[in-house]
Amino acid sequence: MNRAVVEPDLRAILEQEHSPVAPDEISVAEGYERWAPLYDDDPNPLLAREERYLEPLLQTLRGRSLLDLACGTGRWLERSVAQGTTLAVGIDSSVAMLRIAHQKSVIRTHLAGANSENLPFSDATFDLAICSFALGHFPDLGLVVRELARVTKPEADVFVSDLHPEAYMRGWRVGFRYADAPMHIKTQARTTEEIIEAFCSNAFECQTQEALRLGEPERHIFDRAGKTNYFSEACSLPAVLVCRFRRADLKRGHERSGEWS
Ligand SMILES: C[S@@+](CC[C@H](N)C(=O)[O-])C[C@H]1O[C@@H](n2cnc3c(N)ncnc32)[C@H](O)[C@@H]1O
């Protein structure tokens, strides 16, 4: 029997395999169906690095409405609800990922099955949106950004993070192991400029872009995976791209100044 042995494919992330198209690349639907059961248990240095940067920014959500686009098992949604958002919704296209999210009582009633390309929300619903480690899976990024522009309010903040394009170009992949073989989930290669352009040509302004490198706080993940040898090399590349966009207020025609938090 082909038993699922799912564990983080740190090797794929850290050994920098150089093949631009992995021979074992699987569809997004199939990938997350298989990965979902152990997604939350996978120690992942990229997610850890992103959390280290974003978590302090998510301390002041009280009174705001939040959309977690492609929320997966609810990693950010859970934190956001705990911060006292007035409305917090996570959508995802994977039933398997949502099933895991649904086991978390805090967010059980905050989930919806939907595609990012066709969001089941009224115009101008959200003050804030997060899209974490999913951009690369969207075949038509412009379509998703237009939906984001539609459902966010003028001056809403949108945070997006993903594997950094430079790391992707160097062969890094986010994946997992299945039946002892590395699996890579289908991902579109895009440059940082292409990502920013997709937002800026659809009613957003880019406030900040950060190229985050792994650091000492992530070392223990390498150690535990027996990959200590790769740690220094992994730290030499930008690992995670995090961009903050602001939805333009087209009526006012100028951007609000001041900090999100
Ligand atoms: C790497 S996981 C990230 C989950 C979560 N945002 C996090 O950071 O832990 C990527 C997620 O994107 C979802 N996804 C991919 N394409 C999608 C689409 N077109 N619409 C909605 N969800 C999508 C997958 O089902 C998966 O749950």
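**A chat about the ligand shell, the core and the rest**

Q: By class, what is in the shell around the ligand?
A: The shell has eight nonpolar, seven polar and three charged residues. Ala, Val, Leu, Ile, Met, Phe, Trp, Tyr, Cys and Pro count as nonpolar, Asp, Glu, Lys and Arg as charged, and the others, Gly among them, as polar.

Q: Which residues come nearest to the ligand?
A: A70, G72, S94, S132 and A134, out of 18 around the ligand (C-beta, placed from the backbone, within 6 Å).

Q: What kind of model is this?
A: This is a predicted model: local features need pLDDT of at least 70, side-chain atom pairs count only at pLDDT 80 or more, and totals for chains, interfaces and linings use all residues. Residues are numbered from 1 along each chain as its sequence is written.

Q: What is the mean pLDDT?
A: The mean is 87, and 87% of residues reach 70 or more. pLDDT is the predictor's confidence in each residue, from 0 to 100.

Q: Where does pLDDT stay under 50?
A: Over residues 1–9 and over residues 14–23. Where pLDDT is low, the coordinates should not be read in detail.

Q: New topic. How many helices and strands are there?
A: Ten helices and eleven strands. They are DSSP runs numbered from the N terminus: helices are H or I, at least four residues, and strands E, at least two.

Q: And the largest nonpolar core?
A: That core has 64 residues. L69, A129, C131, L148 and V158 have the most contacts inside it. A core is a set of buried Ala, Val, Leu, Ile, Met, Phe, Trp, Tyr and Cys residues joined through C-beta atoms within 7 Å.

Q: Which helix gives the largest share of this core?
A: Helix α6 (residues 141–151), with six residues.

Q: What does C131 touch?
A: Beyond four places in sequence, C131 touches L69, A70 and V160 (C-beta atoms, placed from the backbone, within 7 Å).

Q: Switching to L61. Where is it found?
A: L61 is in the loop between α3 (45–54) and β3 (65–69).

Q: Why does L61 count as buried?
A: Because it has 21 C-beta neighbours inside 10 Å, and 20 or more other C-beta atoms within 10 Å make a residue buried (exposed: 12 or fewer; partly exposed: in between; C-beta placed from the backbone).

Q: What is L61 in contact with?
A: Leaving aside neighbours within four places, L66, S80, Q83, G84 and T85. The C-alpha atoms of L61 and T85 are 5.5 Å apart.

Q: Last one: which residues of α2 are buried?
A: G31, Y32, R34, W35, A36 and Y39. They pack against β2 (25–26), α5 (95–102), β8 (175–178) and β9 (181–185).

Conventions. Two residues are in contact if their C-beta atoms, placed from the backbone, lie within 7 Å.
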